[in-house]
Amino acid sequence: MSTACIMLNGDYSFLGLVDWKKAMCLVVAEKVKVLKYSDRLIRSVDKVFKAPAVIVLIKVVRSVYRNRVPFNKKNVLIRDRYACVYCGRKEKALTIDHVIPQSRGGATDFDNCVACCRLCNTRKGARTPNEAHMPMRRRAYQPTIAEFIQMRLRQSGVYRILVELGIYG
Ligand SMILES: [Zn+2]
């Protein structure tokens, strides 16, 4: 992590982490500007310089925001924070529940699938949440890649650094 550099999009939203070598290449290629340097010193043959800590793309990459997260079980679990949407339990063996049961025409997509613990899945059976009297803590929805990046950002602690820099308030 010490050599990782935060890369921001042209609008200062978080894009990802790159190592300092990749960051230096982007600086040299004039793709990015450096917002903050780290205290880590890099020694090359003829000079010593500070590694970039935060870089920002000169142009905004827009495709990141348009793209939808592909549907699969793992991404449903990420969206639902690895917690059952009915009881909030976090367990390793979470299943995927069809809010409107498949047997009644419910689709297998982000708008109809949620993370569900085994107990709740058994209890709900082939009923809707209303019929089963099991209110949902989160609704099902199609997430965007930008949302997933925001989530990862908060988890990784990078968010705090960006708040310090005044990029997020
Ligand atoms: Zn549950």
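User: What does the secondary structure of the protein chain come to?

Analyst: This is a predicted model. The secondary structure of the protein chain comes to seven helices and six strands. Along the sequence they follow the pattern β-β-α-β-β-α-α-β-β-α-α-α-α.

User: What makes the site of the zinc ion tetrahedral?

Analyst: Start with the donors. The zinc ion is coordinated at 2.3 Å by the SG atoms of Cys84, Cys87, Cys117 and Cys120. The angles among the four donor atoms are 102 to 115 degrees. Four donors count as tetrahedral if all angles lie between 85 and 135 degrees, so the site of the zinc ion is called tetrahedral.

User: Why do the four sulfur atoms count as donors of the zinc ion?

Analyst: A donor is an N, O or S atom within 2.8 Å of the metal. The SG atoms of Cys84, Cys87, Cys117 and Cys120 are at 2.3 Å, so they count as donors.

User: How are the donor residues of the zinc ion spaced in sequence, and which parts does the pair Cys84 and Cys117 tie together?

Analyst: The spacing of the donor residues is C-x2-C-x29-C-x2-C. Cys84 lies in the loop between α3 (73-79) and β5 (95-98), and Cys117 lies in the loop between β6 (113-116) and α4 (118-124), so the pair ties together parts that are 33 residues apart in sequence.

User: Why are Cys84 and Cys117 called buried?

Analyst: Buried means under 20% relative accessible area. Cys84 has 2% and Cys117 has 0%, so both residues count as buried.

User: Where is Asn75, and is Asn75 buried or exposed?

Analyst: Asn75 is in helix α3. Its relative accessibility is 11%, which is under the 20% cut-off, so Asn75 counts as buried. Leaving aside neighbours within four places in sequence, Asn75 is in contact with Val69, Pro70, Phe110 and Phe148.

User: What makes Lys50 partly exposed and Lys92 exposed?

Analyst: Exposed means over 50%, and partly exposed lies between 20% and that value. Lys50, in strand β4 (residues 48-57), has 40% relative accessibility, so Lys50 counts as partly exposed. Lys92, in the loop between α3 and β5, has 91%, so Lys92 counts as exposed.

User: How far is each of these two lysines from Arg40?

Analyst: Lys50 and Arg40 are 10 residues apart in sequence and 5.8 Å apart in space, C-alpha to C-alpha. Lys92 and Arg40 are 52 residues apart in sequence and 38 Å apart in space, again C-alpha to C-alpha.

User: Which residues does Lys50 touch, and why do they count as contacts?

Analyst: Not counting residues up to four places away in sequence, Lys50 touches Tyr37, Ser38, Asp39, Arg40 and Leu41. They count as contacts because contact means heavy atoms within 4.5 Å.

User: How does the radius of gyration of the protein chain stand against that of a compact globule?

Analyst: A compact globule of 169 residues would have a radius of gyration near 15 Å, but the protein chain has 21 Å. The C-alpha trace spans about 70 × 30 × 30 Å along its principal axes. Of the 169 residues, 39% count as buried.

User: Which domains does the domain assignment give, and how far apart are their C-alpha centres?

Analyst: The assignment gives domain 1 (4-65 + 145-164) and domain 2 (73-132). The C-alpha centres of domain 1 and domain 2 lie 37 Å apart.

Key: Residues are numbered from 1 along each chain as its sequence is written. This is a predicted model: local features need pLDDT of at least 70, side-chain atom pairs count only at pLDDT 80 or more; totals for chains, interfaces and linings use all residues. Side-chain values use heavy atoms; hydrogens and water are left out. Donors are N, O and S atoms within 2.8 Å of the metal (3.2 Å for Na, K and Ca); water is not among the atoms, so sites may look incomplete. Four donors count as tetrahedral if all angles lie between 85 and 135 degrees; four count as square planar and six as octahedral if opposite donors are over 155 degrees apart and all others between 65 and 115; anything else is irregular. Helices (H or I, at least four residues) and strands (E, at least two) are DSSP runs, numbered from the N terminus. Buried means under 20% relative accessible area, exposed over 50%, partly exposed in between (1.4 Å probe, protein chains only). The radius of gyration is taken over C-alpha atoms; the globule rule is 2.2 Å times the number of residues to the power 0.38. Domain bounds come from an automatic or database domain assignment.
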